[in-house]
Amino acid sequence: MPVHAPAALPIAPAAAAAPLQPVWDEALLRRYDTSGPRYTSYPTALSFHDQFTPDDQTQALERSNASKRSLSLYVHVPFCRKICFYCACNKIATKNTALAEPYISRLDREMVLTARHLDTSRPVEQLHWGGGTPTFLNLNQMGDLIDRLDARFGLSSATDRDYAIEIDPREADVFTLRHLESLGFNRISLGVQDLSPLVQKAINRIQPRVLTETLMDEAHRLGFRSLNLDLIYGLPFQTEKSFANTLRQVIELNPARLSVFNYAHMPERFAPQRRINVDDLPGGEEKLAILRTTIEMLTAAGYVHIGMDHFARPDDSLAIAQREGSLQRNFQGYSSHAQCDLIGLGVSAISRIDDVYAQNPGDLARYEAALDQGQLATVRGVRLSDDDLIRRDVIERLMCDMGIDLAAVSQRWNIDAPRYFAPALERLQSAEQDGLMTRSGDQLNATPMGRLLIRHLAMAFDAHLSGQTGQRYSKIV
């Protein structure tokens, strides 16, 4: 049986709280700006295989009960009324909200099949609705879905719960927010991407600032604990100057968190991106200028660069979790609730349960057919080996803490970590020589510039990467 890290042992957060003030080295960034995983999981989804069955998932659910870990629920709502051209999410374009009814019924069937194998007295600390556009559901449908989740798993009313939903400001109003607050949501994420009308037209997402501002004002009034805004850089017609103008307006709105994603143009994989003219995209030099300005402006405004594309105010739970060494990384990005078993519900959803990852089909008809036959819709996944578990821990701590305490790793896993990871440490020597990281005894820390290339540092510990040559990952920067 795979080994498990004891939760009681402390995790040293390395230099997590250090401010990001890199001595900007564009040549260095260009040299290291290769493609690589985002490490929302390890092993990554490219290691999932179709020999993993629904029975493997139910066994993992049953094994997980012994841990008494809290639960995290992710619900994927794939429907969108309009397609944004940059989008790489699993979605179904439709204006017919009646399509949501049979989907909610299938979600409920999946909940029932899952809950049969779970100790549902385990608290649901985290809930996240993503998509698609979760606010595609009307108010009654949202209430119905919450009722079903509560009936099957038992939702929490604890003040420290993290119940979040992604919202398209074009399809929500103050009544939507009031309803969501009454359903128990306490955190919202608003998709903004860019406030430039020129950029918005090019990506088929016309969204005046007033829509976002009105929702944020109401969310603050209702007492939502944390508001996140999503931005994307690298979109058509963006320049350093235009994106700085968006950032100035966003900073005025004062969200607790910001996600500033790097647009990955992969039209061969994502059909909507074929509507974007590649000649309208900013070049590599302009994108780096946008990134530099973003970091400088948000840091000057008091935000902490959590890592990768996430920023948070120092008093937000993400920043606090990073300082305390309890930050976690999952399929929704960074999370302040560590040590939860994640149950993914819906089309394309991925679960992280005990020592496995399990994924549902991305095709709606296939998802429905499996559930209609009375079985979980799992189509692929992977059970982690001892080595996978150890490497997952190290990669996650590096991605979250921006450093690794090898002595703590040795203690948690009962190994000689410097010897175990000798090949990885050798691969990191050039990064150390280039000033991306420092090593002092058993302590490895990413430098401010290394934080921008943290995915590259993590790749040194990835034992699966060499077998994935030719696979398409997004660029690191």
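**Stop 1: helix H13**

Select Asp 405 and Ala 407, at the start of helix H13 in this predicted model. A side-chain oxygen of Asp 405 comes to within 3.0 Å of the backbone nitrogen of Ala 407. Next, extend the selection to the whole of H13, residues 406-413. How many of the eight residues of this helix are buried? Six of them are, so the helix is largely enclosed by the rest of the structure. The buried residues are Leu 406, Ala 408, Val 409, Ser 410, Arg 412 and Trp 413.

To view what covers these buried residues, display the surrounding elements. Among them are three helices, namely H12 (386-401), H14 (417-420) and H15 (422-427). Strands E17 (403-405), E18 (437-440) and E19 (443-446) also belong to the cover. Finish at Asn 414, which follows H13 and has a positive phi, near 55°.

**Stop 2: Cys 80 and Cys 87**

Select Cys 80, Cys 84 and Cys 87 together. An unreviewed UniProt entry gives these three residues the annotation "binding site". Cys 80 belongs to strand E2, while Cys 87 is placed in the loop between E2 and E3.

Is Cys 80 buried or exposed? Its relative accessible area is 8%, and it is therefore buried, the limit being under 20%. Cys 87 is buried as well, with a value of 12%.

Now show the contacts, setting aside neighbours within four places in sequence. Cys 80 touches Lys 91, Ile 92, Ala 93, Thr 94, Gly 132, Thr 133 and Phe 136. Cys 87 is in contact with Phe 270, Pro 272 and Gln 273.

**Stop 3: Tyr 86 and Asp 230**

A further "binding site" feature in the unreviewed UniProt entry includes Tyr 86, Cys 87, Gln 193, Arg 205 and Asp 230. Gly 132 and Thr 133 are also among its positions.

Select Tyr 86, found in the loop between strand E2 (79-80) and strand E3 (92-93). Tyr 86 counts as buried, at 11% relative accessibility. Which residues does Tyr 86 touch, not counting those up to four places away in sequence? They are Gln 193, Ile 203, Arg 205, Ile 232, Leu 235, Tyr 263, Gln 273 and Ile 276.

Move on to Asp 230, in strand E7 (residues 226-233). Asp 230 is buried, with a relative accessible area of 17%. Apart from neighbours within four places in sequence, Asp 230 contacts Ser 189, Leu 190, Gly 191, Val 192, Gln 193, Ser 259 and Phe 261. Gln 193 is thus worth keeping on display, for it is in contact with Tyr 86 and with Asp 230.

**Stop 4: Glu 171**

Select Glu 171, in the loop between strand E5 (162-167) and helix H5 (174-183). Its relative accessible area is 18%, and Glu 171 is buried. What does the side chain of Glu 171 make with that of Arg 81? The two side chains share a polar contact of 2.9 Å. Beyond neighbours within four places in sequence, the contacts of Glu 171 are Arg 81, Lys 82, Thr 133, Thr 135 and Phe 136. Thr 133 and Phe 136 also touch Cys 80, visited at the second stop.

**Stop 5: His 310**

Select His 310, in strand E10 (residues 310-312). This histidine is buried, at 7% relative accessible area. The side chains of His 310 and Asp 309 are joined by a polar contact of 2.9 Å. With neighbours within four places in sequence left aside, the residues in contact with His 310 include Leu 258, Ser 259, Phe 261, Val 304 and Tyr 334. Ser 259 and Phe 261 are also contacts of Asp 230.

**Stop 6: the largest cavity**

The structure holds six cavities of 30 Å³ or more. The largest contains about 210 Å³ of space. Of the 17 residues that line it, the closest to its centre are Tyr 233, Leu 291, Met 308, Asp 309 and Ile 476. Strand E8 (257-262) and the helices H9 (284-300), H17 (448-452) and H18 (454-459) each give two or more residues to this lining. By class, the lining has nine nonpolar, three polar and five charged residues.

**Stop 7: Leu 247**

Finally, select Leu 247 in helix H8 (residues 240-253). Leu 247 is buried, with a relative accessible area of 0%. Where does the chain bring Thr 294, 47 residues apart from Leu 247? The C-alpha atoms of the two residues are separated by 7.3 Å. Neighbours within four places in sequence aside, Leu 247 is in contact with Leu 231, Thr 293, Thr 294, Met 297 and Leu 298.

Notes
Residues are numbered from 1 along each chain as its sequence is written. This is a predicted model: local features need pLDDT of at least 70, side-chain atom pairs count only at pLDDT 80 or more; totals for chains, interfaces and linings use all residues. Side-chain values use heavy atoms; hydrogens and water are left out. Helices (H or I, at least four residues) and strands (E, at least two) are DSSP runs, numbered from the N terminus. Buried means under 20% relative accessible area, exposed over 50%, partly exposed in between (1.4 Å probe, protein chains only). A polar contact is a pair of N or O atoms within 3.5 Å; within protein, one must be able to donate a hydrogen and the other to accept it, and residues adjacent in sequence count only if both atoms are side-chain atoms. Contact means heavy atoms within 4.5 Å. UniProt positions are given in the numbering used here, feature names are shortened, and annotations may be inferred rather than shown by experiment. On a 1 Å grid over the protein atoms alone, a cavity is a set of points where a 1.4 Å probe fits but cannot get out, and a pocket is an open set with protein on both sides within 12 Å along at least five of seven lines; lining residues have an atom within 4 Å of a point. Grid points are joined across faces, edges and corners, and a volume is the space filled by probe spheres set on the points. Ala, Val, Leu, Ile, Met, Phe, Trp, Tyr, Cys and Pro count as nonpolar, Asp, Glu, Lys and Arg as charged, and the others, Gly among them, as polar.
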